[in-house]
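User: Hi! Could you walk me through this structure? I'd like to start with how burial is defined.

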Amino acid sequence: MRRIARFAPGLRYDQLRERTTAWDALQLTPPELETWMRALGVDGAAAVRACRAFGIGPAALDVVLGGRQVRRWLREGMTVTALLALAAERGVDLCRR
């Protein structure tokens with residue numbers, strides 16, 4: 001909870017608990033958690049789960065597609081499947097990065 005509170009200090013306790021539960025379910029190591037949370041914010045646990053399901057790792061977050069980094073597309077709400085389609089259109093493989 002402390003880590004999430006550090007990234008989003010204005011969250012109420014119930015919001016903090018909800019996000020902590022979502023992130024804990026991913027079973028990430030502390031460095032992985034820090035990387036993903038910095039990239040996608042405290043509300044990004046669902047996007048991380050989808051990324052991991054499709055084999056997209058933290059290194060793919062810095063890839064630029066259509067003038068924006070993958071992390072920005074995800075933060076702005078693009079689904080992982082739409083992101084993979086965009087990457088495929090441009091001949092980029094985001095998986096296993």
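Analyst: Happy to! Buried means under 20% relative accessible area, exposed over 50%, and partly exposed in between, with a 1.4 Å probe and protein chains only. Buried residues make up 37% of the 97 residues in the chain. Note that this is a predicted model, where local features need pLDDT of at least 70, side-chain atom pairs count only at pLDDT 80 or more, and totals for chains, interfaces and linings use all residues. Residues are numbered from 1 along each chain as its sequence is written, and side-chain values use heavy atoms, with hydrogens and water left out.

User: Thanks. What's the secondary structure of the chain?

Analyst: The chain has 6 helices and 2 strands, taken as DSSP runs numbered from the N terminus (helices: H or I, at least four residues; strands: E, at least two). Along the sequence the pattern is α-α-α-α-β-β-α-α.

User: Let's look at H2. Which of its residues are buried?

Analyst: Leu16, Arg19, Thr20 and Trp23 are the buried residues of H2. Viewed down the H2 axis, they fall within an arc of 105 degrees, so they line one face of the helix; the arc is that of the directions from the helix axis to the C-beta atoms. Glu18 and Thr21, on the other side of H2, are exposed.

User: And what covers the buried residues of H2?

Analyst: The cover includes helix H1 (2-7), H3 and helix H4 (45-53), where contact means heavy atoms within 4.5 Å.

User: Switching to Glu34: where is it, and is it buried or exposed?

Analyst: Glu34 sits in helix H3 (residues 30-40) and is buried, at a relative accessible area of 16%.

User: A buried Glu, okay. Which side chains does Glu34 make polar contacts with?

Analyst: The Glu34 side chain makes one with the side chain of Arg3 (2.6 Å) and one with the side chain of Arg6 (3.1 Å). A polar contact is a pair of N or O atoms within 3.5 Å; within protein, one must be able to donate a hydrogen and the other to accept it, and residues adjacent in sequence count only if both atoms are side-chain atoms. Leaving aside neighbours within four places in sequence, Glu34 is in contact with Arg3, Arg6 and Phe7.

User: Last topic: how many disulfides are there?

Analyst: There are 0 disulfides, counting pairs of cysteine sulfur atoms within 2.5 Å. The sulfur of Cys95 is 9.5 Å from the closest cysteine sulfur, in Cys51, which is too far for a bond.

User: Are those two cysteines buried or partly exposed?

Analyst: Cys51 is buried, at 0% relative accessibility, while Cys95 is partly exposed, at 25%.
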